[in-house]
Amino acid sequence: MPALKIATWNINSVRARLDIVARLTQEEAPDILCLQETKVEDGSFPFKPLRALGYEHIVIHGQKMHHGVAILSKVPLIEEVRQNWHDAPHARHIGVRLPNGWRLENVYIPAGGDIPDSAQNPKFGEKLDFLKRMTDWSSALAEPTIILGDFNIAPLESDVWSHKQLLDVVSHTPIEVAALEALQASHNWVDLGRRFIPAPQRYYSWWSYRAKDWAASDRGRRLDHVWVSPSIAHHARAHYVVEQARGWDKASDHVPLMTTFNGP
DNA sequence: ATGGCTGGTAGAACCAGA
């Protein structure tokens, strides 16, 4: 199998981002593009303009208004699976098998609301419950797998612009980091982001819309991740952040992560 | 100065994101 270039990107509405999705595919030419927060129910998904970009194989798991994930691919996608790790029926996962036999799992973990306390903020508990169910699922995995997406947790000190100021901010609290570490340990997942851009190097994938100048203030967080099974980690050839996409017209608040694999 | 914005949907002095 030839090299495979895979992008992951939380695009904050697929219909609002068709122009910059086209731009990414022109500039980076991923073979596979995994999207999160498509914010569209399946019957209204914009298949036509995305197929026109060369992505003939598309699988989606969407719902009205919120969440939603999709995989756009130039190579065939087989054995589509939709998991739900949330209490409510949320469209936050879609997985497929790639032609080389690997699984590819595209996930959008809940943000978790504002207050990092399950008693005051049910969304925080739902996020932790989601991670627990994912961990149970992950513990039973036996196949070579790529798992990626918006995990909504920045685990390392160098994954955020200020470790001290974000310790009690949802996405960087110790309890979430511990839950993410348990998930990672359940399959010995290899964090490709930090294999290619080792800590303590700066590595962000998200910047708030509310900053006056996102690049000047640079208050970023690494919320998006690409993990792989240990057995296939040696196939990863490159991984980088398309940071300039945060400055494109009508940008998402997340930027794409690109990972290239050699064939097995 | 971590909400200062943004998108979807309703038709809001809305909700959600993180």
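**Strand pairing in the predicted model**

Six strands form an open sheet, ordered β3-β4-β2-β1-β14-β13, and their pairing is mixed. The edges are held by β3 (57-61) and β13 (236-241), each of which pairs on one side only. From one strand to the next, the twist averages 10°. The model is a predicted one.

At the β3 edge, the neighbour is strand β4 (residues 69-73). β3 and β4 run antiparallel and are joined by five bridges. Within this pairing, His 57 stands opposite Ser 73 of β4.

A further set of pairings involves strands β5, β6 and β7. Strand β5 (residues 78-81) pairs with β6 in the antiparallel sense, over two bridges. Here Ile 78 has Arg 97 of β6 as its bridge partner. β6 also pairs with strand β7 (residues 103-108), again in the antiparallel sense, and this pairing spans five bridges. Arg 97 recurs in this second pairing, where Arg 103 of β7 stands opposite. Arg 97 is thus placed across from Ile 78 and across from Arg 103.

β6 and β7 form a hairpin with five residues between the strands. In this hairpin, Gly 101 takes a positive phi near 100°.

The surroundings of strand β6 (residues 93-97) were also examined. Four of its five residues are buried, so β6 is largely enclosed by the rest of the structure. Burial here means that 20 or more other C-beta atoms lie within 10 Å of the residue's own.

Notes:
Residues numbered from 1 in each chain as written. Chains lettered and ligands numbered in written order. Predicted model: local features only at pLDDT ≥ 70, side-chain atom pairs only at ≥ 80, totals over all residues. Buried ≥ 20, exposed ≤ 12 C-beta atoms within 10 Å, placed from the backbone. Pairing = 2+ DSSP bridges. Axes fitted to C-alpha atoms, helices over the stretch in contact; angles between N-to-C directions.
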